[in-house]
Amino acid sequence: NAGDIGPDHIVGEIGDLLLGRAPRRGSDREITLFKSLGLAIEDLAAACHVVERARREGVGTGFGLGGRRIP
């Protein structure tokens with residue numbers, strides 16, 4: 001609402017980023033922002049991507065939420 005982020009800041013959609021069609025961050029100082037539109041499938045796809053990459057890179061901390069355990 002403050003106008004800090006405008007249309008010129010948008011470089012792609014989440015699917016484009018995950019498929020490598022949108023540019024990734026150029027440095028650790030840049031921020032990737034995902035604005036969910038209420039579509040649960042987008043939230044799940046983004047979460048799965050982040051978890052898979054964290055596992056590949058050996059970073060992050062795992063924790064259980066209950067329910068079925070996913071290896």
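## Helix 2 and its end

Gly-58 comes just after helix 2 and takes a positive phi of about 65 degrees. The model is predicted.

Helix 2 covers residues 40-57, which makes 18 residues. At 1.5 Å a residue, helix 2 should span 26 Å. Its end C-alpha atoms are 26 Å apart, so the expected and computed spans agree.

## The loop before helix 2

Helix 1 takes in residues 14-18, and a loop lies between helix 1 and helix 2. Leu-39 sits in this loop. Its relative accessibility is 45%. Buried means under 20% and exposed means over 50%, so Leu-39 counts as partly exposed.

Leu-39 also belongs to a nonpolar patch on the surface. The other members are Leu-37, Ile-41 and Leu-44. Together, the four residues have about 450 Å² of accessible area. Ile-41 and Leu-44 fall within the residue range of helix 2, 40-57.

## The chain as a whole

The secondary structure consists of two helices and zero strands. The chain has 71 residues, and buried residues make up 7% of them.

What radius of gyration does the chain have? The value is 15 Å, whereas a compact globule of 71 residues would have one near 11 Å. Along the principal axes, the C-alpha atoms fill a box of roughly 40 × 30 × 25 Å.

The accessible surface of the chain comes to about 6,700 Å². Carbon and sulfur atoms account for 56% of that surface.

Key:
Residues are numbered from 1 along each chain as its sequence is written. This is a predicted model: local features need pLDDT of at least 70, side-chain atom pairs count only at pLDDT 80 or more; totals for chains, interfaces and linings use all residues. Side-chain values use heavy atoms; hydrogens and water are left out. Helices (H or I, at least four residues) and strands (E, at least two) are DSSP runs, numbered from the N terminus. The expected span of a helix is 1.5 Å times one less than its number of residues. Patches are made of residues with over 30% relative accessible area and no salt bridge: like charges are joined within 9 Å, nonpolar side chains (Val, Leu, Ile, Met, Phe, Trp, Tyr) within 5 Å. Accessible areas come from the Shrake-Rupley method with a 1.4 Å probe; for residues, only the protein chains shown count as cover. A salt bridge is a side-chain nitrogen of Lys or Arg within 4 Å of a carboxyl oxygen of Asp or Glu. Buried means under 20% relative accessible area, exposed over 50%, partly exposed in between (1.4 Å probe, protein chains only). The radius of gyration is taken over C-alpha atoms; the globule rule is 2.2 Å times the number of residues to the power 0.38.
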